[in-house]
Amino acid sequence: RLHLVTWNVGTASPPPDVTSLLQLDSLGPSMDMYVIGLQEVNSRITNFLSDLAFDDPWSIFFMTVLSPLGYIKLSSVRMQGLLLLIFVKHVHLPFIRDIHTHYTRTGLYGYWGNKGGVTIRMSLYGHTICFMNCHLPAHMENTEQRLDDFEKILEMQFEGENIPSTLDHDVLFWFGDLNFRIADYGIHFVRESINNKRYNLLWEKDQLNMAKKKEAFLQEFIEGPLQFKPTYKFDLYSDVYDTSEKKRKPAWTDRILWRVKNLCQHAAKEGQFSEEQTISVTLNNYVSHMSYGISDHKPVTGTFGLELKPLLSDPLVTLNPEGEWNAEHDVLINYSAVPEFPSSAWDWIGLFKVTFRHVNDYVTYAWVEDDEISSNKDSKQVYMSAAEIPDMGGEFVLCYYSNNLQSIVGISQPFQIQPNRTLIGRDLTKEENNWTWKTDNLESREEF
């Protein structure tokens, strides 16, 4: 289950709550992956430089919301105001490989990154998937420029060997503030159609729908029905369309489309695989969220079901803690790798809290070669020093990070680290002494 968000946030700060945006209050099964594409993230030069050194406020915000629920930030890419974030449940980490990011500038003839696309691709259970967040040129008259820019973004190439081009991925998701407008009709007809919820009257004049009928490179892209109000342009903190002097005509600027390579339509409809088809995409929900008013755009979400025939079913590395762990003695990690695993001297095993946010959010780590203490054909052992184990204990996981694959390729089941009894005893003695001192002091004051 994949939940995809696109939102032009208009340089605003994150809202107080995104429960409905992320469907965290849904009664159904939880999502396996969140893909969040933002446009117009505050990119003033001071903000941008600080965000390069540290995570930007939006990334921190979504990590704070999702990490306690068992999601980690798998990858992110930013180009000025464009930001793309992907979060996944821990259980899927060993089966996501070959993660690469890319960005393409199209603003100011390719020299400026206020417009363009940011992209993340990966192998998910052996299937190639690509996510593309775009911000295309604005204004009614720039349809051709939007199409030209999108073609340029599609032509970009990822760096690395054996990585397919964008259109050669098994599934490609294309979303963002695509800025297509409603042509021909006047503002009064458009607003009246919206007020009467007769959105279908506007579909045939939507510039993206019109382009899909004419442009061959767009015809394989699929979109759900636009059964929600146009998402642009609203007065801030309201559901009232633009009341400024410009009175912009409403438009479905914020869109989510997808393309499945070699799609077999009948198989997708029946919910079954053909012999050739190993992946199908089903759109379960395509909606806007009117309650969010921090910008003049309303966010749009698409909830998808991805049905996969797994081409990968076993993790490259299996690992687990040996015995009971606490900070009173050194501890051991057992792990084994499949024969074809491309190990490296730079591989490491990290100890993470179960609510860890991203791959660098480890408590401590051990180098798999430098800290190895035993090895045989079936498994290896690595030690961690007692000094590096958290004294207070808690629930943790172990993750094996592959330097060659630049990703986590193995994760343990959650396990408990017991509190350091020596430290707790010392703290209790200290508390007792403090209490005795306070009592004696109080008694002496009372006598005085």
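**Entry 1: L124**

I began with L124 and found this residue in strand β6, which covers residues 112-124, in what I note here at the outset is a predicted model. Its relative accessibility comes to 8%, and because buried means under 20%, I put L124 down as buried. I then looked up which residues L124 touches once its neighbours within four places in sequence are set aside, and the list reads M33, F95, I96, I129, L306 and L308. I also took the distance from L124 to I99, a residue 25 places away along the chain, and the C-alpha atoms of the two are separated by 9.5 Å.

**Entry 2: M33 and the core**

Since M33 turned up among the contacts of L124, I followed M33 next. Not counting residues up to four places away in sequence, M33 touches R1, L2, H3, I86, F87, V88, I96, M122, L124 and F131. Which residues have the most contacts inside the largest nonpolar core? They are M33, F131 and F173, in a core of 54 residues. I checked where this core draws its residues from, and at least three come from each of domain 1 (2-308) and domain 2 (317-425).

**Entry 3: strand β2**

M33 belongs to strand β2, residues 33-39, so I went through that strand as a whole: 7 of its 7 residues are buried, and β2 is therefore largely enclosed by the rest of the structure. Looking at directions, I saw M33, V35, G37 and Q39 pointing one way from β2, while Y34, I36 and L38 point the other way. This fits the rule that in a regular strand the side chains alternate between the two faces of the sheet. In β2 the residues on both sides are buried.

**Entry 4: the partners of β2 and the sheet**

I then asked myself in which sense β1 and β2 pair, parallel or antiparallel. Strand β1 (residues 2-8) pairs with β2 in the parallel sense, over 7 bridges; along this pairing V5 stands opposite I36, and N8 stands opposite Q39. With strand β4 (residues 82-89), β2 runs antiparallel, and 6 bridges join the two; here M33 stands opposite V88, a residue that I had already listed among the contacts of M33.

Stepping back to the sheet, I noted that it is open, has 6 strands with mixed pairing, and follows the order β3-β4-β2-β1-β11-β10. At the edges stand β3 (71-79) and β10, each with a single partner strand, so that one side of each is left without a neighbour in the sheet. From one strand to the next the twist averages 15°. Helix α2, residues 57-66, lies across β1, β2, β3 and β4, and runs at about 15° to β4.

**Entry 5: salt bridges**

How many salt bridges does the count come to? I have 7, and I looked up several of them one by one.

K205 forms a salt bridge with D184, the closest N and O atoms lying 2.9 Å apart. K205 sits in the loop between α5 (200-203) and α6 (207-214) and D184 in the loop between β8 (171-177) and α4 (187-195), so this pair ties together parts that are 21 residues apart in sequence. K205 is partly exposed, at a relative accessible area of 22%, whereas D184, at 60% relative accessibility, counts as exposed.

K233 forms a salt bridge with D296, with 3.2 Å between the closest N and O atoms. In this case K233 lies in the loop between α6 and β9 (254-260), and D296 in the loop between β10 (279-288) and β11 (300-308), so the pair ties together parts that are 63 residues apart in sequence.

K377 forms a salt bridge with D378, the closest N and O atoms being 3.6 Å apart, and both K377 and D378 are exposed. I also noted a network of salt bridges that links D206, E223 and R255.

**Entry 6: N420**

Last, I turned to N420, whose place is in the loop between β20 (415-417) and α8 (421-447). Is N420 buried or exposed? At 8% relative accessibility, N420 counts as buried. Leaving aside its neighbours within four places in sequence, I found N420 in contact with A327, E328 and D391.

Note on methods
Residues numbered from 1 in each chain as written. Predicted model: local features only at pLDDT ≥ 70, side-chain atom pairs only at ≥ 80, totals over all residues. Heavy atoms only, no water. Salt bridge = Lys/Arg side-chain N within 4 Å of Asp/Glu carboxyl O. Helix = DSSP H or I, 4+ residues; strand = E, 2+ residues; numbered from the N terminus. Buried < 20%, exposed > 50% of the residue type's maximum accessible area, 1.4 Å probe, protein only. Pairing = 2+ DSSP bridges. Contact = heavy atoms within 4.5 Å. Axes fitted to C-alpha atoms, helices over the stretch in contact; angles between N-to-C directions. Core = buried A, V, L, I, M, F, W, Y, C linked by side-chain atoms within 4.5 Å. Domains from an automatic or database assignment.
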